[in-house]
Amino acid sequence: MKIMEKPIEPKAEDCCNSGCNPCIFDIYQKQLLLYNKYLECGETDDTSPQENGLSQLKYTVFTVVENKTICDLHQLITFKKKTENNNKVWWKPGDHFLFKFCGAETACTRAYTPVKVEKGENDSDFSVIVKQYDNGLVSSSLCGLKVGDSTYWRGPYGHYNLKPNLYEKIVMIAQGTGIAPFITIIEHILKDEDDNTKLLLLYCTECDKSILFREKLYAFKSFWNFKYEIFLSRLNEFNLKYQEPISKHKLSTEYLSDLKLSAGKNQFLLCGSQMFTACYENYLKNILGIDKKNIVLF
Ligand SMILES: Cc1cc2nc3c(=O)[nH]c(=O)nc-3n(C[C@H](O)[C@H](O)[C@H](O)COP(=O)(O)OP(=O)(O)OC[C@H]3O[C@@H](n4cnc5c(N)ncnc54)[C@H](O)[C@@H]3O)c2cc1C
């Protein structure tokens, strides 16, 4: 019989204060109910996330196996579980993990989106792409990690449920590292030959050097159901690949309205800073008349 461990109550510092849904405290309450049920009838829920190599309720130690600069703004950091066991680390498309920062004077938690480890590094568990903010407490600490350093993670958390063929089209609007959850969603849909959902990615970033997953997106172009456009906010000269859809201007609301996206069978996913998502959410809802149930914020 499967044994269920008593869930550990999160501390206030374990919450990343980003308004996640569900929050780690909701997950704790849910696990506590399951645990009480287990104590009463000796049964445990087989779908419990405890089978994952990463836990939602306590921190797991991961060692840094690589910390690679991908441009002036971003680092790609790859992690491997410190203590080997048979449980693989898994997450649903769109999920995020929580990283615990322990400074000399303060401890806190921040959310980061896992991405699959690149080929050739299969021995590792997950990577994150981190944007370094000026004076960013946790991002600076992550970017400064060295190979062999120990880090503390919990997860996965997320509210997005991907169902094949539920929508005619999924439109994703991303800013910067906000592309990370969408890459996993796109890969998941394109891998499923029976999923006919059309995908449109509108990806906003600063300049050509800060474009994440550039090669991958270009390769996805060969799928009949995937289209994308990259919008750059800073103008500079650079070489485009053959028919590479990069616009040297910001994504405008007029561009969105010209797409003539009807409310009915389309879903809209937004990921970026609060200001960015609020701007496009308002436009979709108030100008294009998209129902709020068809809009998902990450
Ligand atoms: C669900 C989720 C997933 C996330 N995934 C990723 C990810 O994969 N990669 C990643 O790099 N970040 C991601 N983030 C953002 C991340 O959690 C931190 O907020 C970010 O790293 C900044 O933390 P910090 O401690 O370095 O900055 P802080 O010390 O909190 O802030 C320092 C300065 O940076 C500014 N700042 C902080 N965050 C932002 C922001 N998002 N946009 C604009 N300015 C900001 C602040 O206003 C402040 O001036 C995610 C956030 C959420 C909620």
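A polar contact here is a pair of N or O atoms within 3.5 Å, and the views below come from a predicted model.

**View 1. Polar contacts of the ligand.** With that cut-off in mind, start at Lys131, where a polar backbone atom sits 2.8 Å from an oxygen atom of the ligand. Ile129 also takes part through its backbone, with an N or O atom 2.8 Å from a ligand nitrogen. Tyr133 instead uses its side chain, placing a polar atom 3.2 Å from a nitrogen atom of the ligand. The ligand on its own exposes 920 Å², and the protein buries 65% of that.

**View 2. The shell around the ligand.** Here you can look at the 18 surrounding residues, of which Arg110, Ala111, Tyr112, Ile129 and Ser139 come nearest. Strand E4 (107-112), strand E6 (126-131) and helix H2 (137-143) each contribute at least two residues to this shell. Sorted by class, the shell holds seven nonpolar, eight polar and three charged residues.

**View 3. Annotated binding-site positions.** An unreviewed UniProt entry gives the annotation "binding site" to Arg110, Tyr112, Ile129, Lys131, Val138 and Ser139. These positions span 30 residues in sequence, yet no two of their C-alpha atoms are more than 13.3 Å apart, so they gather at one spot.

**View 4. Arg110 and Tyr112 in strand E4.** Arg110 belongs to strand E4, and so does Tyr112. Arg110 is partly exposed, at 32% relative accessibility, whereas Tyr112 is buried because its 13% relative accessible area falls under 20%. Beyond its sequence neighbours up to four places away, Arg110 touches residues including Cys16, Phe99 and Leu137. With neighbours within four places likewise set aside, Tyr112 has contacts that include His96, Val128, Leu142 and Trp153.

Note on methods:
Residues are numbered from 1 along each chain as its sequence is written. This is a predicted model: local features need pLDDT of at least 70, side-chain atom pairs count only at pLDDT 80 or more; totals for chains, interfaces and linings use all residues. Side-chain values use heavy atoms; hydrogens and water are left out. A residue is near a molecule or strand if one of its heavy atoms lies within 4 Å of it. A polar contact is a pair of N or O atoms within 3.5 Å; within protein, one must be able to donate a hydrogen and the other to accept it, and residues adjacent in sequence count only if both atoms are side-chain atoms. Accessible areas come from the Shrake-Rupley method with a 1.4 Å probe; for residues, only the protein chains shown count as cover. Helices (H or I, at least four residues) and strands (E, at least two) are DSSP runs, numbered from the N terminus. Ala, Val, Leu, Ile, Met, Phe, Trp, Tyr, Cys and Pro count as nonpolar, Asp, Glu, Lys and Arg as charged, and the others, Gly among them, as polar. UniProt positions are given in the numbering used here, feature names are shortened, and annotations may be inferred rather than shown by experiment. Buried means under 20% relative accessible area, exposed over 50%, partly exposed in between (1.4 Å probe, protein chains only). Contact means heavy atoms within 4.5 Å.
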